[in-house]
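Please look through the sequence and the model below, and keep both at hand while reading.

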Amino acid sequence: MQEFLFALTLSVLPVVSNFIGAMIAETLPTSKQTLGLALHATAGVLLAIASSELIPRVMIAKPVWATILALFLGGAFFIWVNELLKLSKNRLRGIDINTVSLAIFLSIAIDLFGDGLMIGTSLTISPHLGVVLASARVVAHIPEGFVTNVAFKSQKMPRTKRLLLLAAFIIPVWLGTTLGYWGLRGQADLAKLIVLAFTTGALMVAIAEEIIPEAHQTQDTNWSMLTFIGSFAVSMLFSAYLE
């Protein structure tokens, strides 16, 4: 039980860094250029996570077709959920927010769920591995928290509701940690990789179909592209030196 409590504590780190990014957004004026830079940074960080850490782990599975199928189903799942968000857009009460903002929130929640899943499962292998993965997420989630809060502010959402939604990110990361630690503890590696592949597929669709297209709808400049590749490179560098 002490190890599980340690896993829950460790998985809070990405949520804390996400909240730090959101608080930075609270102090800066909202503009299309700021939102565009934040979206490009988020896309770069998430793409680096998917390409350097998630996909390589998925591809070591035996048989590999099982994890590739799970990756496809994860992407299809995100598409289905996104369609539900669009259908329910006009039925939301008390929150003046559009589908794009909800999609951004959902993509970050999926990412945090994947973080919790990796932290929980890695701790069943080695405490050191769990600490390394959690530490790698601290920097990655600062721009994510920033862009999420900027998106909420751009929709004129009240500050209290923004903070409540940001605090709600603790739910997916703890769900992922619990599933990874208890649900997959003692299971074969293939089962763990299938679940990881599913979350990877959902995250990849969120990047390609929601975050990047929305980034190009803002005030797009050369600085935006530099922010994208810069955040990608920094995330790769941070991850490489923590291995």
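The paragraphs that follow go from the overall fold to the interior and then to the surface.

This is a predicted model, in which local features need pLDDT of at least 70, side-chain atom pairs count only at pLDDT 80 or more, and totals for chains, interfaces and linings use all residues. Residues are numbered from 1 along each chain as its sequence is written, and side-chain values use heavy atoms, with hydrogens and water left out.

The protein has 9 helices and 0 strands, taken as DSSP runs numbered from the N terminus (helices H or I, at least four residues; strands E, at least two). Of its 243 residues, 48% are buried, where buried means under 20% relative accessible area, exposed over 50%, and partly exposed in between (1.4 Å probe, protein chains only).

In the interior, the largest nonpolar core (a set of buried Ala, Val, Leu, Ile, Met, Phe, Trp, Tyr and Cys residues joined through side-chain atoms within 4.5 Å) holds 22 residues, of which Leu39, Leu54 and Leu196 touch the most other members. Two or more residues come from each of helix H2 (32-58), helix H4 (99-123), helix H5 (127-154) and helix H8 (189-215), and H2 gives the largest share, 8 residues.

On the surface, Trp65, Leu69, Phe72, Leu73, Phe77, Trp80 and Phe198 make a nonpolar patch of about 780 Å². Helix H3 (residues 64-87) gives the most to this patch, with 6 residues. Tryptophan 65, placed in helix H3, is exposed, with a relative accessible area of 56%. In soluble globular proteins, by contrast, nonpolar side chains tend to be buried together.

Technical notes
Patch = residues over 30% accessible without salt bridge, like charges linked within 9 Å, V, L, I, M, F, W, Y side chains within 5 Å. Areas by Shrake-Rupley, 256 points an atom, 1.4 Å probe, with all protein chains shown as cover. Salt bridge = Lys/Arg side-chain N within 4 Å of Asp/Glu carboxyl O.
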